[in-house]
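Me: I have a model open and would like to go through the reasoning behind its labels. Could you take a look with me?

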Amino acid sequence: MRPSPFYLLVGAVSWPFLRSLFRLRAEGVENLPRQGGFVLAANHISNVDPWTLGIPLWPRRYLRFMAKSELFWWPLGPLIRAGGAFKVRRGERDVQAINRAVELVREGHIVVMFPHGTRERKGLVKRHQPRAHTGAARIALEAGVPLIPAAIEGADRLTRLGPLRVRYGKPLELDDLRGREQSVAEQSVAAREATDRLITEIERLSRGL
C-alpha cells in the first residue's frame, strides 16, 4: 500500500530530525512482514510514538492509526486522514472503528494500536495501570493477520533529545485462539488471552531498551 503524498512529506521532514537530533534507532525490523497487512501494537508514552514506530519503516510501509473523533475538525481533520488516521470514539465500544481496522489490514495496511489506550505514566505500580484493551487482538484474530508487538523508549525525554529507541518483536502465535465458529463469549476469551500474551511480550521487549 502506497502512503499518501502528505504521509511521504511528513516522513521526509521528520526523518532527519528523528535520526540525527533525537538519535532514533530501531531493532527487529526484519521481524516485520515485508508485504501484507498486520496489527502493530506498542506501549504508549508520548504523542511522538507514531513517528517513532513509523520512521524506521518509511517510505516502504504505510502505518494507519486510530485517532479520537474529537480531532477530526476542519482543517485538522483532512490532514490527520492524509497522515493515516481514522476515527474512533473513545470510551465506547466503537464497532465501526474495529470493522474499519479489519478492512484495512485485510487490504494490506499496517494498523497501529496502543493497547493501554492513553499514555502510560512512569513510576506507577503495575496494578494501578489501566487494563489493556483487547482491540488490537480482536482486529488481528478477526482479520486473520499477524499481531506484532513493539516497545518504545525515550519518547518521554524529548527535551533531553532522546535517544529514541524502538524494538519490533516477532508475530505472536495465535493459531490456537482462532476458531472458525466461535460464540461471542469464546471470541471475548480468545481476545483477552491474545492481549495478555501481547502485553507480556511488549514488556519483555521493553527490557534493556
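Me: What makes Arg-197 and Glu-193 a salt bridge?

Reply: Happy to help, and please keep in mind that this is a predicted model. The closest N and O atoms of Arg-197 and Glu-193 are 3.0 Å apart. The cut-off is a Lys or Arg side-chain nitrogen within 4 Å of an Asp or Glu carboxyl oxygen, so the pair counts as a salt bridge. The two are 4 residues apart in helix H6, and therefore separated by about one helical turn. Asp-176 belongs to the picture too, linked with Glu-193 and Arg-197 in a network of salt bridges.

Me: Why are Arg-197 and Glu-193 called partly exposed?

Reply: Buried means under 20% relative accessible area and exposed means over 50%. Arg-197 has 25% relative accessibility, so it falls in between. Glu-193, with a relative accessible area of 32%, is partly exposed because its value also lies between those limits.

Me: Which other residues of helix H6 pair in this way, Asp-196 and which partner?

Reply: The side chain of Asp-196 meets that of Arg-192 in a salt bridge, at 4.0 Å from N to O. Both lie in helix H6, 4 residues apart, which is about one turn of the helix. In helix H4, Glu-103 forms a salt bridge with Arg-100, with the closest N and O atoms 3.3 Å apart. The structure holds 7 salt bridges. As a general point, side chains of opposite charge can pair when their charged atoms come close.

Me: How do you know whether Arg-2 is buried or exposed?

Reply: Arg-2 has a relative accessible area of 64%, and the limit for exposed is over 50%, so Arg-2 is exposed. Arg-2 sits in the segment before H1 and touches Leu-8, Pro-59 and Tyr-62, leaving aside residues up to four places away in sequence.

Me: What makes the bond between Trp-58 and Pro-59 stand out?

Reply: Trp-58 and Pro-59 are joined by a cis peptide bond, with omega at about 0 degrees. Pro-59 is placed in the loop between helix H2 and strand S3.

Me: And what is special about the phi of Arg-23?

Reply: Arg-23 has a positive phi, about 55 degrees, although it is not a glycine. Arg-23 lies in the loop between H1 and strand S1. With 37% relative accessibility, Arg-23 is between the limits of 20% and 50%, so the label is partly exposed.

Me: Which residues make the nonpolar surface patch, and how do you know that Phe-17 can belong to it?

Reply: Leu-9, Val-13, Phe-17, Leu-21 and Leu-161 make a patch of about 450 Å². Patch residues need over 30% relative accessible area, and Phe-17 has 48%, so Phe-17 passes that cut-off. Phe-17 lies in helix H1.

Me: Which residues have the most contacts inside the largest nonpolar core?

Reply: They are Val-39, Ile-139 and Leu-147, in a core of 28 residues. Elements giving two or more residues to this core include strand S2, helix H4 and helix H5. Apart from it lies another core, of 25 residues, among them Leu-32 and Ile-45. In soluble globular proteins, nonpolar side chains tend to be buried together.

Me: Finally, how do you know whether the radius of gyration of the protein chain agrees with a compact globule?

Reply: For 209 residues, a compact globule would have a radius of gyration near 17 Å; the protein chain has 17 Å, so the two agree. Buried residues make up 46% of the chain.

Conventions. Residues numbered from 1 in each chain as written. Predicted model: local features only at pLDDT ≥ 70, side-chain atom pairs only at ≥ 80, totals over all residues. Heavy atoms only, no water. Patch = residues over 30% accessible without salt bridge, like charges linked within 9 Å, V, L, I, M, F, W, Y side chains within 5 Å. Areas by Shrake-Rupley, 256 points an atom, 1.4 Å probe, with all protein chains shown as cover. Buried < 20%, exposed > 50% of the residue type's maximum accessible area, 1.4 Å probe, protein only. Core = buried A, V, L, I, M, F, W, Y, C linked by side-chain atoms within 4.5 Å. Contact = heavy atoms within 4.5 Å. Rg over C-alpha atoms; globule rule 2.2 N^0.38 Å.
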